[in-house]
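User: Could you take a close look at one spot inside this fold and work outwards from there? I'd like to know what surrounds it and how the neighbouring pieces are held to one another.

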Amino acid sequence: MNIKPIRSYKVYTKMIDAPEEKRNDIYRYELMQPFEGKWACYHIPLKSPTKNCYDVIMASSMLGYMEPVKVDESQRENVIRLSEDDFWKQCQSSIERSLKCFTDSGVDLPTSDYLFTVLLANPESPYIKLSDGYCGDGGIPGYIFASLTPSDYTMARLPVALAHETNHNVRFQFEKWHDDITLAEMMVSEGLAENFATYLYGEENAGPWVSKTDLHTLNEYIKPIIQDGLDVQGLDNLTAYLYGDEIAKAQNYYPVGLPYCAGYACGYQMIKHYLNKTGKTIIEATLTPSREILQELKDFWE
């Protein structure tokens, strides 16, 4: 198993010292090019052939990463914090530990090479604000992103988030992504990932996408709305159910009356119910097709 970090602070330092007009290309070709395979899965080029068209710069901004032109002297202290060697070792250890859970259980992972990096987040992004300053992206096998606004809190929490993202990375080596994925299937994947993270790091370290929702709100308010939307498809419809109305509105999608990350919190409890009911381990469940998991969850909605 080959797990390689792309130490973003080295590139960010170069960007700070470069003229503003050079920063986009430094970001493209020195920080994002190693992840070109990931971007290609979304049909996003490193650089658009025509000006102001969709490419990795625009996509990064939409995903809540700091825009390259804003990586200037004002970010020097954040980049210095991001350069802490122990932090990168903890991040790598989280990914190694997560993958080892599967290989030690006899799982033959099709993907053997993994790249990861930690990016500066845009502190004004609604998702970053609501997620207490950090988040991740691990849906494409072999590639793992995390982003944060550096602080003692976010840097301590990031290894837990990376365990969540590594679980996605493993699952999608076996459960292939499809564009018509339903809300129910998305909740299965998110519930598995966060149950895996708490399996490794303890329930007290659950991410804000779970911990900010209390059980009373979940059972009395969220579940009935979610249940009515289990079959919805498409990002424009899924977003409010998964992330909540505030983020949906910020992205010009439709609100459905749900708080922050309601779908994540519901998915977490849904998979916890599944694990307790079936006696499966989180390792076994991660490799179980969504349709089989959902068949066992009808009583969760009663």
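Analyst: Happy to! Let's start from threonine 117, which is buried, with a relative accessible area of 0%. Please keep in mind that this is a predicted model. Threonine 117 sits in strand E2, which runs over residues 113–120. What does threonine 117 touch, leaving aside its neighbours within four places in sequence? The contacts are Ile6, Ser8, Leu31, Phe35, Trp88, Ile144, Phe145 and Ala146.

Two of those names lead straight to a pair of helices. Ser8 belongs to the face that helix H1 turns to helix H2, and Leu31 belongs to the H2 side of that contact. Threonine 117 itself is in contact with both Ser8 and Leu31. So how do these helices pack?

In general, two packed helices are described by the angle between their axes and the distance between the axes. Here H1 covers residues 8–17 and H2 covers residues 20–32; their axes come within 9 Å and cross at roughly 160°. Since angles over 145 degrees count as roughly antiparallel, H1 and H2 are therefore roughly antiparallel to each other. The crossing of H1 past H2 is right-handed. On the H1 side the contact is made by Ser8, Val11, Tyr12, Lys14, Met15 and Ile16, while H2 brings Arg23, Ile26, Tyr27, Glu30 and Leu31. Sorted by class, that contact has seven nonpolar, one polar and three charged residues. The spacing of such residues has a simple background: an α-helix has 3.6 residues a turn, so residues three or four places apart point the same way.

H2 has another link, through arginine 28. Arginine 28 forms a salt bridge with aspartate 55, and their closest N and O atoms are 2.7 Å apart. This pair links distant parts of the chain, as arginine 28 is in helix H2 and aspartate 55 is in the loop between H3 and H4, 27 residues apart. Are these two partners buried or exposed? Both arginine 28 and aspartate 55 are buried. They are also part of a wider salt-bridge network, which links Asp25, Arg28, Lys47 and Asp55.

The loop holding aspartate 55 has one more residue to look at. Proline 45 is found there too, between helix H3 (36–41) and helix H4 (56–62). With residues up to four places away in sequence not counted, proline 45 touches Tyr54, Asp55 and Val56, so the aspartate of the buried pair is among its contacts. Proline 45 counts as partly exposed because its relative accessibility is 31%. From proline 45 to alanine 59 there are 14 residues in sequence, and their C-alpha atoms lie 9.7 Å apart.

Stepping away from that spot, the count of salt bridges comes to 19. One of them joins the side chains of lysine 100 and aspartate 104, at 2.6 Å from N to O. Here lysine 100 counts as partly exposed at 48% relative accessibility, whereas aspartate 104 counts as exposed at 54%. Another salt bridge is formed by the side chains of aspartate 299 and lysine 277, at 3.4 Å from N to O. Aspartate 299 lies in the segment after helix H16 (290–295) and lysine 277 in helix H14, so this pair ties together parts that are 22 residues apart in sequence. Both ends count as partly exposed: aspartate 299 at 29% relative accessibility and lysine 277 at 41%.

H14 offers a bridge to one last region. Cysteine 261 lies in the loop between helix H13 (245–250) and helix H14 (262–278). Its phi is near 50°, a positive value in a residue other than glycine, and cysteine 261 counts as buried, with 0% relative accessibility. H13 and H14 also appear in the cover over helix H12. Which residues of H12 (235–243) are buried? They include Leu238, Thr239, Ala240, Tyr241 and Leu242, and what covers the buried residues of H12 includes helix H9 (183–201) and helix H11 (215–228) as well as H13 and H14. Glycine 244 follows H12, with a positive phi near 100°.

If you check backbone angles, aspartate 132 belongs on the list as well: its phi is near 60°, positive in a residue other than glycine. Aspartate 132 is in the loop between helix H7 (126–130) and strand E3 (134–137), and counts as partly exposed at 32% relative accessibility.

Methods. Residues numbered from 1 in each chain as written. Predicted model: local features only at pLDDT ≥ 70, side-chain atom pairs only at ≥ 80, totals over all residues. Heavy atoms only, no water. Axes fitted to C-alpha atoms, helices over the stretch in contact; angles between N-to-C directions. Helix = DSSP H or I, 4+ residues; strand = E, 2+ residues; numbered from the N terminus. Parallel < 35°, antiparallel > 145°, perpendicular 65-115°, else oblique. Left-handed = near helix turned anticlockwise from the far one by under 90°. Contact = heavy atoms within 4.5 Å. Nonpolar A, V, L, I, M, F, W, Y, C, P; charged D, E, K, R; others polar. Buried < 20%, exposed > 50% of the residue type's maximum accessible area, 1.4 Å probe, protein only. Salt bridge = Lys/Arg side-chain N within 4 Å of Asp/Glu carboxyl O.
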